[in-house]
There are 2 protein chains.
Amino acid sequence: MRARPSADTELGLMACSAIFRPADLTFLLHAAVDRMTVDLDRAAVEMGLNDVRDWLVLAALDDGQQRTQLELSRIVCVDKTTLISVLDRLEQHKLIVRTVDPADRRVRIPQITPAGRRTYAKFATARDAAEARALDGVDPEQRTLLLNLLARIADRQNAAQPAT
Amino acid sequence: MRARPSADTELGLMACSAIFRPADLTFLLHAAVDRMTVDLDRAAVEMGLNDVRDWLVLAALDDGQQRTQLELSRIVCVDKTTLISVLDRLEQHKLIVRTVDPADRRVRIPQITPAGRRTYAKFATARDAAEARALDGVDPEQRTLLLNLLARIADRQNAAQPAT
DNA sequence: CTCGGATCGTCTTGACTCGGACGATCCGAG
DNA sequence: CTCGGATCGTCCGAGTCAAGACGATCCGAG
């Protein structure tokens, strides 16, 4: 499991909102991510995965498309060198296999196994449950607004001119 | 500056939304955080800071309260060992000084210097500008709703029972 | 006062990440 | 066919982070 701040500092997060202005967008985003990550990491370890990234990789492989490791690394936003260790672990747990593309023997085609599919499905339901818990009591209209606003922030171009 | 994924993988983030279901709360949160962090990190380096955490520390010290390093680490949610290097750097740049508490010679009281205050103020305006950019065109009512929902997610108790 | 346990800041160590280098392989030019 | 450049996966080295060990210091019991 990826190292995370200990419980001490974890709780401290909440203390921040008392000290910093409470409506700090960046701070709240970080806090919300941390909160979700705690849930998802726990769900991941419960089913033998290491990390949310393990699940991201499984998710990307679940559609059965043939992807090279490089494509995969771009899709899940993991450095290609880091992806290697993830794939090593998943392969060791028999959740994926690395096949060689007969048409180009340089590339490896990681493919999800039935066991990997089962693990992925279990994690997906856990994730859905976590998100439902997080949004419990928020009416659907507000949910979609939240998601839209987040998407809007995320999609914003990196247009802030690169330092004159 | 803290290492971040290269531009390649950075852009790949957006590709995710095409592959995963587009309304994935966790994914959007991550993407939004990444987006804000890019802006803030850039602002930080422009004024000689290393990191957003440098600014967090300055912000926590700006109110002039006497805090030990341990308290400080809890407030800014940084491991106490990591905080040491942050304080070392800030002290080297003369933005803070470490004083010894005369009442308890074990503890150090980091205090912000006038130069530190100036740097903090500059960063604060840069941060406000970044957040304003991120929320450009969103009407005030929706902004407060967004912040409230984020706070709600973040504040949620770690109540998911710790694995039976 | 003395002494054992608790608490502070720092140091050490092991794990992780990522940029760059490397071997294997492909492909197009000649 | 041969050969040079491009592209794949992997490995290595520098840097970062945090858990645990450690010395210095405090404080309460006796």
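A crossing of two helices is called left-handed if the near helix is turned anticlockwise from the far one by less than a right angle, and right-handed if it is turned clockwise. With that in hand, here are some close-ups of this predicted model.

**View 1. Helix 2 and helix 6 of chain A cross in a right-handed way.** Here we look at helix 2 (residues 25–46) and helix 6 (residues 114–134), both in chain A, which pack with their axes 10 Å apart and at an angle of about 155°. Angles over 145 degrees count as roughly antiparallel, so that is the word for helix 2 and helix 6 of chain A. On the helix 2 side of chain A, the contact is made by Met36(A), Asp39(A), Leu40(A), Ala43(A) and Ala44(A). Helix 6 of chain A answers with residues including Phe123(A), Ala126(A), Arg127(A) and Glu131(A). Sorted by class, this contact between helix 2 and helix 6 of chain A holds eight nonpolar residues and four charged ones, with no polar residues.

**View 2. Helix 7 of chain A packs against helix 7 of chain B.** Now we move to a spot where the two chains meet. Each helix 7 covers residues 140–155 of its chain, and the pair sits at an angle of about 100°, with axes 10 Å apart. Angles from 65 to 115 degrees count as roughly perpendicular, and therefore helix 7 of chain A and helix 7 of chain B get that label. Chain A brings Gln142(A), Leu145(A), Leu146(A), Leu149(A), Leu150(A) and Ile153(A) to the contact. From chain B come Gln142(B), Leu145(B), Leu146(B), Leu149(B), Leu150(B) and Ile153(B). The tally for this helix 7 contact is ten nonpolar and two polar residues, with no charged ones.

**View 3. DNA strand C has 20 residues around it.** Among the closest are Arg53(A) and Arg105(A) from chain A, plus Gln69(B) and Thr81(B) from chain B. Zoom in on the phosphates and you'll find a polar side-chain atom of Arg53(A) sitting 2.8 Å from a phosphate oxygen of DNA strand C. Thr82(A) joins in too, with a side-chain N or O atom 3.0 Å from a phosphate oxygen of the strand. Leu70(B) uses its backbone instead: a polar backbone atom there is 2.9 Å from a phosphate oxygen of DNA strand C. Helix 5 (80–92) of chain A, along with helix 4 (69–76) and helix 5 (80–92) of chain B, are the elements that give two or more residues to this surface. Helix 5 of chain B gives the most, with three residues. Of the strand C atoms within 4 Å of the protein, 68% belong to sugar or phosphate, and the rest to bases. By class, the surface near DNA strand C has four nonpolar, six polar and ten charged residues.

**View 4. DNA strand D is surrounded by 20 residues.** The closest ones are Gln69(A), Thr81(A), Arg106(A), Thr82(B) and Arg105(B). Sugar and phosphate make up 69% of the strand D atoms that come within 4 Å of the protein. Bases get attention here as well: a polar side-chain atom of Arg106(A) is 2.7 Å from a base oxygen of DNA strand D, and Lys80(A) has a side-chain N or O atom 3.4 Å from a base oxygen. Over on chain B, a polar side-chain atom of Arg53(B) lies 3.0 Å from a phosphate oxygen of DNA strand D. Helix 5 of chain A supplies the largest share of this surface, three residues. The residues near DNA strand D split into three nonpolar, six polar and eleven charged.

Note on methods. Residues numbered from 1 in each chain as written. Chains lettered and ligands numbered in written order. Predicted model: local features only at pLDDT ≥ 70, side-chain atom pairs only at ≥ 80, totals over all residues. Heavy atoms only, no water. Near = heavy atom within 4 Å. Polar contact = N/O pair within 3.5 Å; in protein donor to acceptor, adjacent residues only side chain to side chain. Helix = DSSP H or I, 4+ residues; strand = E, 2+ residues; numbered from the N terminus. Nonpolar A, V, L, I, M, F, W, Y, C, P; charged D, E, K, R; others polar. Axes fitted to C-alpha atoms, helices over the stretch in contact; angles between N-to-C directions. Parallel < 35°, antiparallel > 145°, perpendicular 65-115°, else oblique. Contact = heavy atoms within 4.5 Å.
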